[in-house]
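Welcome, and please load the model in your viewer. We will go from one selection to the next and say what is there at each stop.

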Amino acid sequence: MPVLEVLRTQPVAYTIVILGALLVSVAACTVSDVPSESCTDPERLLQVGFYAFFEPVSHSADPDPASEGFNSHLGYEADLLTALEAMEGAGLSFARRGIASWDDIWLESAGPDFDIVGGGITILDSRTRNAAGEEVISFTSGHVQFRQSLLVRAEDAGRIVSHSDLTSEMRVGALAGTTGERRLLELTGLLDARGALVEGTRIETDGGALTSDGSVEYSIDFATESPGLKDRRHLYPPAGDMPQVVYLSDGAGKYEPHEALRAGHIDALARGEVGNVVASHASDGAFAVTALDDAVELGGFTLAMEDAQLRSCLDEKINYLTDDRRIDFAEWATDPEVFLRRAVEMPVPHRD
């Protein structure tokens, strides 16, 4: 069931999100279904990097990167990782550190600092490759579903019902390099079928203003963009039935979209349904969620390509904990201990 339908009439605050009576039925797990092997050497402490600003999927207890609480992991993915550590025989132990910048965060697991990276990262083939086109990371099994949406002020919910209602007089906030940005550009016609900004789109960047000629030299993908567009700050459309796009991230990757929306600096926020629904309910009626996308995305963790055995083992255990995605964000929001309970109540397989 879509998160919006679950939360439509429920009072909320994250910790939180009360989904009323919704409980996804969990299929009984037989002993043969239970993953038993250790994923790695029990002496290996896996370094996990997590995006710090995607509440309630993955976020830090303290948003200040200089604080001790910045490395304290909270949210849906945090509880899933804790359940993985609690699975008997899994041999998993994590040291977690927050990551402030979203830019190419999925590639961090290919570097020296992290073994696993998460933070509500949509699984996309384009994100498995580095700038040279080399396949350097892979994704675990998808553990959460996303749909894109718009968050608007409540008084605008009647006039911004779908992406087709957006005009050049409206400003939509986005975070560069996210699926929210890419789907916004696709659904409003700002990108053509090749992923290029349509001719006449004006782009404000840190280095000055550019105007797209409609060629692939002005392309934006889910994971990459043409070099000149990396520091984009504002897009101005070439037609009246397309919106302006305002990029709200600061240099560290942190941004304050709700304040911008409340103050009228933007008219909508393009982001996943989960984050927008939680923000709507936390706003005491100030915000509403509209323009739900038909496309469904899956989010997962990333690992270096050479960690194929670890990835395969994690997949097996994640699939068990989520009951092959029958347990998703909605049930976790009702019962944040659902993954941990499955982990500790897991039957121990008989060994001959």
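How many helices and strands are there in the chain? Colour by secondary structure and you should find eight helices and 17 strands. Keep in mind as you go that this is a predicted model. Of the chain's 352 residues, 54% count as buried. Among contacts between residues at least 6 apart in sequence, 68% join residues that are at least 24 apart.

**Stop 1: the eight-stranded sheet**

Select strands 9 to 16 and show them as a cartoon. These eight strands form an open sheet with mixed pairing, and the order across it is 12-11-13-14-10-15-9-16. At the edges you will find strand 12 (208-211) and strand 16 (287-290), each of which pairs on one side only. From one strand to the next, the twist averages 25°.

Now zoom in on strand 9 (residues 148-153) and strand 15 (residues 268-272). The two run antiparallel and are joined by five bridges. To get your bearings in this pair, pick Ser-149 and look across to strand 15: Arg-271 stands opposite.

**Stop 2: helices on the sheet**

Add helix 3 (residues 179-187) to the view. Helix 3 packs on the sheet and touches strand 9, strand 10 (171-174), strand 13 (232-236), strand 14 (244-247) and strand 15. The direction of helix 3 makes about 170° with that of strand 14.

Next, bring in helix 5 (residues 273-282). Which strands does helix 5 lie across? They are strand 9, strand 15 and strand 16, and helix 5 runs at about 125° to strand 15.

**Stop 3: the disulfide**

Select the sulfur atoms of Cys-39 and Cys-313. The structure holds one disulfide, and this pair forms it, with the sulfur atoms 2.2 Å apart. Why is the disulfide left-handed? The torsion about the S-S bond is about -85°, so the disulfide of Cys-39 and Cys-313 is left-handed. The pair links distant parts of the chain, 274 residues apart: Cys-39 is in the loop between helix 1 (3-7) and strand 1 (46-51), while Cys-313 belongs to helix 6 (residues 308-321). Are these cysteines buried or exposed? Both Cys-39 and Cys-313 are buried.

**Stop 4: aromatic pairs**

Show the aromatic side chains as sticks. A search of the whole structure finds nine aromatic pairs. Begin with Tyr-51 and Phe-53: their ring centres are 5.9 Å apart and their planes stand at 85°, so the pair is edge-to-face. Tyr-51 is buried, with a relative accessible area of 3%. Extend the selection to Phe-70, Trp-102 and Trp-106, since ring pairs link these residues with Tyr-51 and Phe-53 into a cluster.

Then move to helix 7 (residues 329-334), where Phe-329 and Trp-332 lie three residues apart, about one turn of the helix. Their ring centres are 5.5 Å apart with the planes at 45°, so this pair is tilted. Both Phe-329 and Trp-332 are buried.

**Stop 5: charges over rings**

For the last views, pick two arginines and the tyrosines beneath them. Arg-202 lies over the face of Tyr-236, at 4.2 Å from the ring centre. In the second case, the charged end of Arg-342 sits over the ring of Tyr-320, 4.6 Å from its centre.

Notes. Residues numbered from 1 in each chain as written. Predicted model: local features only at pLDDT ≥ 70, side-chain atom pairs only at ≥ 80, totals over all residues. Heavy atoms only, no water. Pairing = 2+ DSSP bridges. Helix = DSSP H or I, 4+ residues; strand = E, 2+ residues; numbered from the N terminus. Axes fitted to C-alpha atoms, helices over the stretch in contact; angles between N-to-C directions. Contact = heavy atoms within 4.5 Å. Disulfide = S-S within 2.5 Å. Buried < 20%, exposed > 50% of the residue type's maximum accessible area, 1.4 Å probe, protein only. Phe/Tyr/Trp six-rings, centres within 6.5 Å; stacked < 30°, edge-to-face > 60°. Lys NZ or Arg CZ within 6 Å of the ring centre and 35° of its normal.
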